[in-house]
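Trainee: Could you take me through one part of this model slowly? I'd like a close look at the aromatic rings, and then whatever else helps me find my way around.

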Amino acid sequence: MRKKMQKQNAIVMMFAMLLSLTGICGCGKDNTSSGEMTSEEVSIEIDKDISPKLGFEGRKELTYAKEFAIDTYTGGCTLITISDGSRFLVAAEGTDVPEYLDEDIVVIKQPLDHIYLVATAAMDMVLSLDALDTLRFSGTESDGWYMKEAKEAMERGDILYAGKYSAPDYELIVSEGCRLAVENTMILHSPEVREKLEKMGIPVLVDYSSYESHPLGRVEWIKLYGVLLGKEDEAQKLFAEEEADFKGAVTEEKTGKTVAFFYITTNGAVNVRKSTDYIPKMIELAGGTYVFCELGDEESKSSTVTMQMEEFYAAAKDADYLIYNSSIGGEISTMEELLGKSSLLKDFKAVEKGDVWCTTKNLYQESMSIGSLTKDIHSMITGETAEMQYLYQLK
């Protein structure tokens, strides 16, 4: 058995050397400045003539988000355009909806309520806007929410479980008068569900915040929800506060410390973030360097890449820090649990030094805490770990 393990490790080492020669391994250098975008920006055209009765007033400025746009028109109407081409005209309460709109535009009249929320990352924004009462249905069961307010609302019956994205309870949401379904990008794997909802007269808005390459691009989606829920001023204020917290966590000083962010799938493969994803951006803005400098297909919208353990070994064996993504891979508490997922991890530098960290399971649901997570990563790198919110060290 020992000889077999030695042979396997030797094969992995040879594979790692080959990968390093072909440039698959981490580059070990910082390739992103604090203010630059690393992925191709989404361009959403302005349509000034959506209706003869509506005059175009202007486009609202978005500092970081690229996956949606907000345009204002006369008469209290606001047009939300998503990067997938879908368009929603939000009409303020008491506003007459104009005739002869472009056929693809979905009209949403305020006040908006009876929302079916499947995109879990949006819950934190709804709560921040004090708009929990606009939700009637959830794509997550009560025990799946880590936010107290959401869990309690479901336990009271104020919010009903209406099935996950791929299997909604159509009868329930129709009988209760659902007015909007807010989906995450998983719905792209079940296009027939979206089609059926829309045929039933339920508009479907897909939240593409996970596609934003800048961390604050994700947070800026609160401005979209501010428009939908009639709370634009509150959204602007909340975003400004989070932006200030985030900038307070950003450092110009580069430590040279490398970081790998990953989880191990049930079949033993390793899931990591694309180099242009917001997590690598946060690592770099916190003073570290993501181990993969050019990982992922630029044409693909996916934020992650799945690789075999041998590839991950080649790139991350010498990383100074490992962060295990328990939000998806399942929360772990000890180094023993981590090594139980793959014995090869014991040879990693970070494992030998005890510099392995784990995210808390509520990380992705609390989408308004980008600044706090960036601060945690900076604290991890600098060793100032007394107060951590979203990272904890494996023992």
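Mentor: Here is a walk that begins with the rings and then moves on to a few other spots.

Keep in mind that this is a predicted model. For orientation, the protein chain has 14 helices and 17 strands. Out of its 395 residues, 52% count as buried. Now look at contacts between residues at least 6 apart in sequence: 63% of these join residues at least 24 apart. The accessible surface of the chain adds up to about 18500 Å², and carbon and sulfur atoms account for 47% of that.

Okay, rings. Searching the whole structure turns up nine aromatic pairs. One of them joins phenylalanine 56 and tyrosine 73, with 5.5 Å from centre to centre and 70 degrees between the planes, an edge-to-face arrangement. This pair ties together distant parts of the chain: phenylalanine 56 belongs to strand β1 (residues 56-59), tyrosine 73 belongs to strand β2 (residues 68-73), and 17 residues separate them. How covered up are the two partners? Phenylalanine 56 has 25% relative accessibility, so we call it partly exposed. Tyrosine 73 has just 2% relative accessibility, so that one is buried.

Next, find tyrosine 208 and tyrosine 211. Their ring centres are 5.2 Å apart and their planes meet at 70 degrees, so this pair is edge-to-face too. Tyrosine 208 is buried because its relative accessible area is 7%. Tyrosine 211, at 18% relative accessibility, is also buried, because the cut-off is under 20%.

Rings can also gather in groups. Phe262, Phe312, Tyr313, Tyr324 and Phe348 are linked by ring pairs into a cluster. And a ring can have a charged neighbour: lysine 196 lies over the face of tyrosine 170, 4.2 Å from the ring centre.

Let's stay with side chains and zoom in on arginine 273. You'll find arginine 273 in strand β12 (residues 270-273). Is it buried or exposed? Its relative accessibility is 6%, so arginine 273 counts as buried. Its side chain makes a polar contact with the side chain of aspartate 277, at 2.8 Å. If you skip the neighbours within four places in sequence, arginine 273 still has a list of contacts that includes Phe261, Tyr278, Tyr290 and Tyr364. Also on that list are Ile279, Pro280, Leu295, Ser303, Thr304 and Asn325.

Threonine 258 makes a nice second stop. Threonine 258 sits in strand β11 (residues 258-264). With a relative accessible area of 13%, threonine 258 is buried. Again leaving out neighbours within four places in sequence, threonine 258 is in contact with Thr289, Val291, Asp318, Ala319, Asp320 and Tyr321.

What about cysteines? A disulfide is a covalent bond between the sulfur atoms of two cysteines. This structure holds zero of them. Two cysteines to find while you're here are cysteine 77 and cysteine 293. Cysteine 77 is buried, given a relative accessible area of 2%. Cysteine 293 has a relative accessible area of 18%, and that also makes it buried.

Last, a few spots where the backbone is worth a look. Glutamine 110 and proline 111 are joined by a cis peptide bond, with omega at about 5 degrees. Proline 111 is in the loop between β5 (105-109) and β6 (115-117).

Then check tyrosine 100, which lies in the loop between β4 (87-91) and β5. Its phi is near 60 degrees, which is a positive value in a residue other than glycine. Tyrosine 100 has 64% relative accessibility, so this tyrosine counts as exposed.

Aspartate 130 also has a positive phi, near 55 degrees, and again the residue is something other than glycine. Look for aspartate 130 in the loop between α2 (123-128) and β7 (135-138). Aspartate 130 is exposed, because its relative accessible area is 63%.

If you'd like to retrace the walk, go back to phenylalanine 56 and tyrosine 73 and look at their edge-to-face rings once more.

Note on methods: Residues numbered from 1 in each chain as written. Predicted model: local features only at pLDDT ≥ 70, side-chain atom pairs only at ≥ 80, totals over all residues. Heavy atoms only, no water. Phe/Tyr/Trp six-rings, centres within 6.5 Å; stacked < 30°, edge-to-face > 60°. Helix = DSSP H or I, 4+ residues; strand = E, 2+ residues; numbered from the N terminus. Buried < 20%, exposed > 50% of the residue type's maximum accessible area, 1.4 Å probe, protein only. Lys NZ or Arg CZ within 6 Å of the ring centre and 35° of its normal. Disulfide = S-S within 2.5 Å. Polar contact = N/O pair within 3.5 Å; in protein donor to acceptor, adjacent residues only side chain to side chain. Contact = heavy atoms within 4.5 Å. Areas by Shrake-Rupley, 256 points an atom, 1.4 Å probe, with all protein chains shown as cover.
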